[in-house]
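Hi everyone, thanks for making room for me today. Let me put the structure up so we can walk through it together.

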Number of protein chains: 2
Amino acid sequence: MSIYFIRMKNSKPSILHLDQIKSCLKKVDLIPLIEEGFVAYSEGRSVVPPVGELIFEDPPGDTHIKYGYIRNQEYYTVKIASGFYNNPAIGLKASQGIMLIFSQSTGLLECILLDGGFLTDIRTVIASMITIKYLAPDEVKRVGVMGTGIQAALQLEYLCKYFKYKDIMIWGRDKEKAVDLKNKMHDLPCQIHVCKDSTELANRCDVIITTTASDSPILNYKDLRPNVHITALGSDTGHKVELDSSILERSDIVVSDSISQSHSRGEVFRARQAGCINDTEMIELGQLIANPSLGRKGGDEITVADLTGVAVQDIMIATAIYNHYLNGSE
Amino acid sequence: MSIYFIRMKNSKPSILHLDQIKSCLKKVDLIPLIEEGFVAYSEGRSVVPPVGELIFEDPPGDTHIKYGYIRNQEYYTVKIASGFYNNPAIGLKASQGIMLIFSQSTGLLECILLDGGFLTDIRTVIASMITIKYLAPDEVKRVGVMGTGIQAALQLEYLCKYFKYKDIMIWGRDKEKAVDLKNKMHDLPCQIHVCKDSTELANRCDVIITTTASDSPILNYKDLRPNVHITALGSDTGHKVELDSSILERSDIVVSDSISQSHSRGEVFRARQAGCINDTEMIELGQLIANPSLGRKGGDEITVADLTGVAVQDIMIATAIYNHYLNGSE
């Protein structure tokens with residue numbers, strides 16, 4: 001009640017810059033929070049309309065607006081995140097973004113998170129870690145990460161942090177960038193091996209994470225080990241694709257962070273178009289988290305998680321940062 | 001080129017508070033700018049996806065996200081605007097909002113306009129003035145404004161400012177509020193008469209503007225003068241309605257700010273549902289601005305403009321404020 005009163009009087013929103021956001025983030029345990037978000041989503045306790053989208057042609061770019069709320073929480077959030085792929089050539093990050101937190105009871109803007117796309121990167125790597133937590137085989141000797149961008153680097157960092165994997169293979173469409181990534185991540189407590197081709201990675205890894213913006217498959221069914229988990233997170237639109245559709249067709253378990261969203265985006269969308277999969281063969285990530293027995297049964301199994309990103313992740317991460325900021329500054 | 005360089009180095013967005021926004025606004029001539037936006041929209045030079053929407057039940061509220069860009073301009077904009085109708089009871093404005101300006105070429109967030117819904121109110125009254133400019137009868141003796149909220153007050157102010165009308169009638173569903181509005185606006189250089197009922201207003205006015213959140217008609221065809229223009233701007237959703245559908249059925253000219261949007265919102269939506277009008281009988285506001293001969297022919301005519309609000313208005317007003325701020329501070 002007293003907090004509410006203070007906020008009523010101070011109607012100017014809090015504005016958090018990237019350094020403040022990073023500092024708050026260090027003290028928040030995101031995995032259980034984002035799991036809670038996925039469960040709320042799959043149980044129908046969230047309101048998450050279809051993603052808003054703007055496409056730009058010259059220079060090429062796309063902007064996605066993800067927004068929504070979880071019922072009976074205090075806030076709703078709106079995220080605007082974009083990718084402008086020519087940015088690095090002029091010294092800017094390709095991904096840009098901002099998150100906004102509003103009161104569910106008054107509509108007042110409470111907080112502006114000037115994260116420049118950083119929190120989207122973080123909530124994506126956290127979602128990836130959640131899929132691995134629930135779907136990786138019992139014994140993982142080697143993990144493969146495909147792609148060489150910011151998200152690939154984050155995967156390496158978080159794989160070490162959460163799972164203590166010691167043997168990681170990487171591959172990129174541009175081999176030089178893969179070598180650069182290995183060099184950049186030399187401080188991590190793991191061995192990083194740059195694969196000569198994607199087949200080598202597929203042949204040798206028990207867990208594979210794909211993080212590219214490829215528009216043709218980079219991973220083929222025939223190259224996979226018989227007991228493998230794949231998390232595909234590079235494709236979040238209708239035209240990007242990383243997995244050969246027969247992977248989804250022949251997988252034992254296919255998990256999507258949002259089955260309804262996979263009707264128009266991601267790997268599942270492409271495999272659906274090819275007639276390789278339908279909704280009844282899929283599990284939503286929030287269902288799996290609520291009931292882990294829906295996962296791996298123990299024998300040789302191929303499992304796939306397709307992540308296109310859901311606003312509940314943004315809601316949970318933005319709220320966690322803001323609550324930490326409020327508690328820390330009171 | 002030099003400006004671009006300066007902005008590249010300073011990647012933090014400009015943050016404009018309401019007092020700065022109001023100060024910039026005084027120096028900008030909005031009518032031609034917003035007309036330009038409507039024309040770009042009707043000529044297909046803008047990209048304006050469907051409005052994003054969040055509905056809240058307890059307390060009741062709604063949030064609309066309007067976003068888009070005009071091709072070959074420098075920015076794209078996103079507006080988040082909400083109405084929480086229990087707010088006044090706790091001392092807050094019902095309408096809240098924020099506008100964001102991003103670069104079309106990099107996605108960088110350039111400016112945050114903390115307008116709290118103010119610019120939405122302004123771009124709405126400007127659109128109303130534009131409809132009156134193009135559709136009012138040649139001779140206007142009396143203008144009527146229906147509704148008693150912020151938008152009604154703005155209409156009174158701008159009607160005096162732009163058209164020098166001297167004789168204005170007002171009516172509200174709550175007569176006490178109508179009297180309060182008259183008292184509040186006593187400084188305006190016009191006579192304000194509070195009507196005893198909506199029939200009195202309809203019987204006597206040559207231009208009528210409706211600004212209520214009514215969900216049943218407040219204006220009936222049988223009460224209208226034979227030579228009248230009506231601008232309806234209160235309904236921006238599928239359930240709100242201010243005009244008896246037969247008004248649209250029997251009008252000589254029906255103008256909509258967005259024909260596609262009127263398939264799901266506003267007066268036209270309701271009249272379409274009742275089978276009283278179809279798209280071929282309508283003119284889009286941008287078409288009328290580009291070709292004023294589509295308007296009134298000179299005899300007795302009933303004309304209606306139905307405004308549900310289009311992102312081009314937000315794009316134009318936000319960009320105008322920001323450009324003025326940049327030029328002013330350079």
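**Where the two chains meet**

Okay, so let's start right at the contact between the copies: across the interface of chain B and chain A there are 6 residue pairs in polar contact, with both partners at pLDDT 80 or more. And yes, pLDDT is a clue here, because this is a predicted model.

What about salt bridges across the interface of chain B and chain A, how many does the rule find? The count there is 0.

Which parts of chain B do the touching, then? On the side that touches chain A, the elements giving two or more residues are α1 (2-9), β3 (52-56), β4 (61-70), β5 (75-84), β6 (95-103) and β7 (109-113) of chain B. Sort the residues on that side of chain B by class, and you get 26 nonpolar, 12 polar and 2 charged.

Now for the size of the thing. People often describe how big an interface is by the accessible area that gets lost when the parts come together. For chain B and chain A, the buried area comes to about 3200 Å², and carbon and sulfur atoms give 75% of that. In terms of residues, 40 from chain B are in contact with 40 from chain A.

Here's a bit I like. Of the interface residues of chain B, 100% are also interface residues in chain A, so the two copies meet through the same surface.

**How the copies are related**

Next, take chain B and lay it on chain A. A turn of 180° with a shift of 0.0 Å along the axis does the job, and the RMSD is 0.1 Å. The copies are therefore related as by a two-fold rotation axis. If you want to find that axis on the screen, look for B:Gly52: among the residues of chain B, B:Gly52 comes closest to the axis, with its C-alpha at 3.5 Å.

**Some backbone oddities**

Let's move along to the loop between β3 and β4. In chain B, that's where B:Pro59 sits, and the peptide bond joining B:Asp58 to B:Pro59 is cis, with omega about -5°. Chain A has a cis bond to show you too: the one from A:Asp58 to A:Pro59, with omega near 0°. A:Pro59 is in the loop between β3 (52-56) and β4 (61-70) of chain A.

Then there's phi. B:Asn72 is not a glycine, yet phi is positive, near 70°. You'll find B:Asn72 in the loop between β4 and β5 of chain B. Is B:Asn72 buried or exposed? With 81% relative accessibility, B:Asn72 counts as exposed.

Over in chain A, A:Lys164 also has a positive phi without being glycine, this time near 55°. A:Lys164 belongs to the loop between α5 (150-163) and β9 (167-171) of chain A, and a relative accessible area of 57% makes A:Lys164 exposed.

**One last residue**

To finish, look at B:Ile277, in the loop between α9 (266-273) and β14 (282-284) of chain B. Its relative accessibility is 7%, so B:Ile277 counts as buried, the cut-off being under 20%. What is B:Ile277 in contact with, leaving aside neighbours within four places in sequence? The partners are B:Leu248, B:Val254, B:Val268, B:Ala271, B:Arg272 and B:Met282. For a sense of where that is, compare B:Tyr69, which is 208 residues away from B:Ile277 along the chain: their C-alpha atoms are 30 Å apart.

Methods:
Residues are numbered from 1 along each chain as its sequence is written. Chains are lettered from A and ligands numbered from 1 in the order in which they are written. This is a predicted model: local features need pLDDT of at least 70, side-chain atom pairs count only at pLDDT 80 or more; totals for chains, interfaces and linings use all residues. Side-chain values use heavy atoms; hydrogens and water are left out. Copies are superposed by least squares on the C-alpha atoms of residues with pLDDT of at least 70 in both. Contact means heavy atoms within 4.5 Å. Buried area is the accessible area (1.4 Å probe) that two parts lose on being put together, summed over both. A salt bridge is a side-chain nitrogen of Lys or Arg within 4 Å of a carboxyl oxygen of Asp or Glu. A polar contact is a pair of N or O atoms within 3.5 Å; within protein, one must be able to donate a hydrogen and the other to accept it, and residues adjacent in sequence count only if both atoms are side-chain atoms. Helices (H or I, at least four residues) and strands (E, at least two) are DSSP runs, numbered from the N terminus. Ala, Val, Leu, Ile, Met, Phe, Trp, Tyr, Cys and Pro count as nonpolar, Asp, Glu, Lys and Arg as charged, and the others, Gly among them, as polar. Buried means under 20% relative accessible area, exposed over 50%, partly exposed in between (1.4 Å probe, protein chains only).
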